[in-house]
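Let's take a walk through a protein structure together, one step at a time. Keep the picture in view as you read, and turn it whenever a new part is mentioned.

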Amino acid sequence: MKPFRYIWDLIRSNPANSIVLLLLITSLTGWIVYVELNTDGIITGKVVDETGKPVPEARVLVREKTLNLIKPPIVTETNQDGVFVFKDMRIIEFLINAQKEGYEAGEDIRYHLYFKGQHFSLPKPLVLKKVRTP
Amino acid sequence: MSKVSRGRGLLIALFLTPSLLVFTIYRIIPILWNFILSFQRWKLIDTPRFIGFSNYLTLLEDPVFWVSFKNTLVYFFGGTPLAIGAALVLSLLVNKPLSGRNVYRALIFLPYPITPVAIAIIWRWLYDEKVGLINFVLRSLGIVQESIGFLSSLTWALPSVIFTTIWQSLGYYVILLLAGLQTIPNELYEAADIDGASGLRKVQWITLPLLKPSIFLCFIVGIINSFTTFDVIYVMTNGGPGNATEILVTYIYKKAFTFNEIGAASAMTLILFTFLLLITMVSNKLSGGEAGGVHYYE
Amino acid sequence: MNRKILFKLIDHTILILVSILITIPLYWVLKTSLTGENLFNYPPSLIPQDPHIFYFVDVYYWIPFVRFFFNSVFVSVIVVTANLFFNSMAAYALRYSFPGKKLIILFYLSMMMIPFQTTIIPAFLLTRYMGLLNSYLGLAFPLSSTIINIFVFKTAFDAIPGSLFDAAVIDGMKEHSILFRIYLPLAKPAIATNMILTFVWSWNNFIWPLIIISDKEMQTLPLGLSTFLSYFENTSGQLYAFVIMVIAPIILVFFMNQRRFISGIVSGAVKG
């Protein structure tokens, strides 16, 4: 009936309770604040070749993994600095892959986000290898 | 107490009504209706029709009914004494002034309030043939060579389910027995100390006789629990393999809500209820009426 | 003296073994929900390796977890509130002596001999006639008053001195305000016991939702858990994350109110 009074009684009766409550409240608030600060739905990253030079105008494909299927890809291209940006992404698990003519097809890399719409910059750039011409 | 005036009488009636209503709707009417349903044939889509005792007669010839009846008894006689015995030992131990006994107590009680469906899922996986922890431990200790498929083997399925329910209900029995232990006056032990009785003697001559009501209470609780367990079996095995873990309640559920044989299921419910009532009354008689605690309130 | 130490050692050994037996399954499921270990790979490791929370994230998105959680909480709130009112009112009425009181007490006590499982078929049919299938009210109704808790309140009320009641009557207080302003505030432990016991029962209830809920959106957590198991079998880390999400609130409530919980069980079982 008086929730605050009850919580206060809980804390008084056992100090361990206050630690648990405090942990619960801080982690919950922390999570909410984190989500609010990072929910722009942008997935961004860089494409480079073996030497580390940025690759412009490469096609980058993101395919969302859901429970039992992999959806058709969403595509974008890198700019002059090799940087790509996906906007308005509402996904949690996906495969990402870069392609460009004259380069070998890149491997699918799997990422898992914490929530849909999370701002995410790839920790490692996608690497494309040049096709060797004999 | 004061004499009942008219206004007060109205108030008493008003205050008792909600709870009486709940129990009438969800206990009394169902038991009576169940009695009527057990003489009818009804598939839920047609109109019910009286068919006399034929539901009961079909049941008597139904082998699955007998198997589940037998399993219910095994479930009770196999599980409850073991659980109460273990609980007795544990309650004696945590009643001693050991350091850290509050931690032990808390841990022993812990499984009791946990959702039975969750417990069934956890144990289903612990028993697993390929990745289960139990098989891993047994093999590492060299007790078995081949993994045992606990829940898929006809011999092991029922004992495995019983063990899981013991694991969950142990704390409950310990609570009841501990409460009983608190009622034993300390002077008795002190007197025995003066006489030079050993610890085991004290348990035998003082604790056990005086704890008799609590132990019988545990049995009554055990009877009701083992005749009405549903969640754990439904999730762990759903009565399988074959009918190895089918008990009456799960069979009633299947008959009523999977096959829509309302009449047969009601007949079975009535048998279960009558049997439960009988066995409770008999054990209450055996304990000298001490277990029910009915005498407590006038 | 040495014998005493030996005995103590034996006691502790037994208790520690039992404690391990009880905590290991819970620890194991917690570990797997964070790592996905022991689903496919052998041998198991005792300490979690590379823990992550993605299984919890998946549960959140794969099923309407928030909806299930809300259903469970909402039903529990109805059950707990109804129990507080109905049980305390019944216990208050039983303070008076009136003709037929013994009969009413006998009625309440005999209700304890009718387990809910033996009433499911007609209870389902009744709920269907009342049009309460797939509704919160239908879920909460059978649990909305419980015998044990009526007697928990009765014991607490019996301990309140009658002079207090007489003084309140002389002051001209109405009966309902005597109950809500004087008796209930003096029976706080009984209120707590009521709340905790009924919360646990309502949260864990499985057979009743299984019978009356067919609408996917109306599932409570235990029902959602069993449906989840039938979809994903027992080799997905998500299942065990879901298990943790269902039992965490119960464990939290239990540890915070352990003493009240235990005293509730004791008073219910011994005296009712």
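In this predicted model, 75 residues of chain B are in contact with 73 residues of chain C. Which element of chain B gives the most to this side? It is helix α1, residues 6–37, and its share is 19 residues. If you sort the residues on chain B's side of the contact by class, you get 59 nonpolar, nine polar and seven charged.

Now zoom in on one part of this meeting place. Helix α1 of chain B packs against helix α3 of chain C, which covers residues 65–93. The two axes lie 8 Å apart and form an angle of about 130°. Because of that angle, α1(B) counts as oblique to α3(C), since it falls outside the ranges for roughly parallel, roughly antiparallel and roughly perpendicular. The crossing of α1(B) past α3(C) is left-handed. To find the spot in the picture, look on α1(B) for I12(B), F15(B), L16(B), P18(B), S19(B) and V22(B). Facing them on α3(C) are F86(C), N87(C), M89(C), A90(C), Y92(C) and A93(C). Taken by class, this helix contact has ten nonpolar residues, two polar ones and no charged ones.

A helpful idea here is that an α-helix has 3.6 residues a turn, so residues three or four places apart point the same way.

Where does chain A come in? Eight residues of chain A are in contact with five residues of chain C. On chain A's side, these divide into five nonpolar, two polar and one charged. Chain A and chain B, on the other hand, do not touch, and their nearest C-alpha atoms are 13 Å apart. That leaves two pairs of chains in contact, and of these it is chains B and C that share the most contacts.

Let's look at chain B by itself. Its secondary structure comes to twelve helices and two strands. Starting from the N terminus, you meet one helix, then the two strands, and after that the remaining elements are helices. The C-alpha trace of chain B spans about 75 × 75 × 30 Å along its principal axes. Chain B has 298 residues, and 42% of them are buried. Among its contacts with a separation of 6 or more, 70% are between residues 24 or more positions apart.

One helix of chain B deserves a closer look. Is helix α11, residues 248–258, mostly enclosed or mostly open? Eight of its eleven residues are buried, so α11(B) is largely enclosed by the rest of the structure. The buried ones are L248(B), V249(B), T250(B), Y251(B), I252(B), Y253(B), K255(B) and A256(B). Within chain B they pack against α3 (63–95), α9 (199–228), α10 (231–236) and α12 (262–286), and chain C adds α5 (120–129). After α11(B) comes N260(B), which has a positive phi, near 55°.

Finally, return to chain C. Its domain assignment gives domain 1, residues 1–52, and domain 2, residues 63–271. The centres of these two domains of chain C, taken over C-alpha atoms, are separated by 33 Å. Their contact takes seven residues from domain 1 and six residues from domain 2. On the side of domain 1 that touches domain 2, the residues divide into four nonpolar, three polar and no charged.

Notes: Residues are numbered from 1 along each chain as its sequence is written. Chains are lettered from A and ligands numbered from 1 in the order in which they are written. This is a predicted model: local features need pLDDT of at least 70, side-chain atom pairs count only at pLDDT 80 or more; totals for chains, interfaces and linings use all residues. Ala, Val, Leu, Ile, Met, Phe, Trp, Tyr, Cys and Pro count as nonpolar, Asp, Glu, Lys and Arg as charged, and the others, Gly among them, as polar. Helices (H or I, at least four residues) and strands (E, at least two) are DSSP runs, numbered from the N terminus. Axes are lines fitted to C-alpha atoms, for helices over the stretch in contact, and angles run from 0 to 180 degrees between N-to-C directions. Angles under 35 degrees count as roughly parallel, over 145 as roughly antiparallel, 65 to 115 as roughly perpendicular and the rest as oblique. A crossing is left-handed if the near helix is turned anticlockwise from the far one by less than a right angle, and right-handed if clockwise. A residue is buried if 20 or more other C-beta atoms lie within 10 Å of its own, exposed if 12 or fewer, and partly exposed in between; C-beta atoms are placed from the backbone. Domain bounds come from an automatic or database domain assignment.
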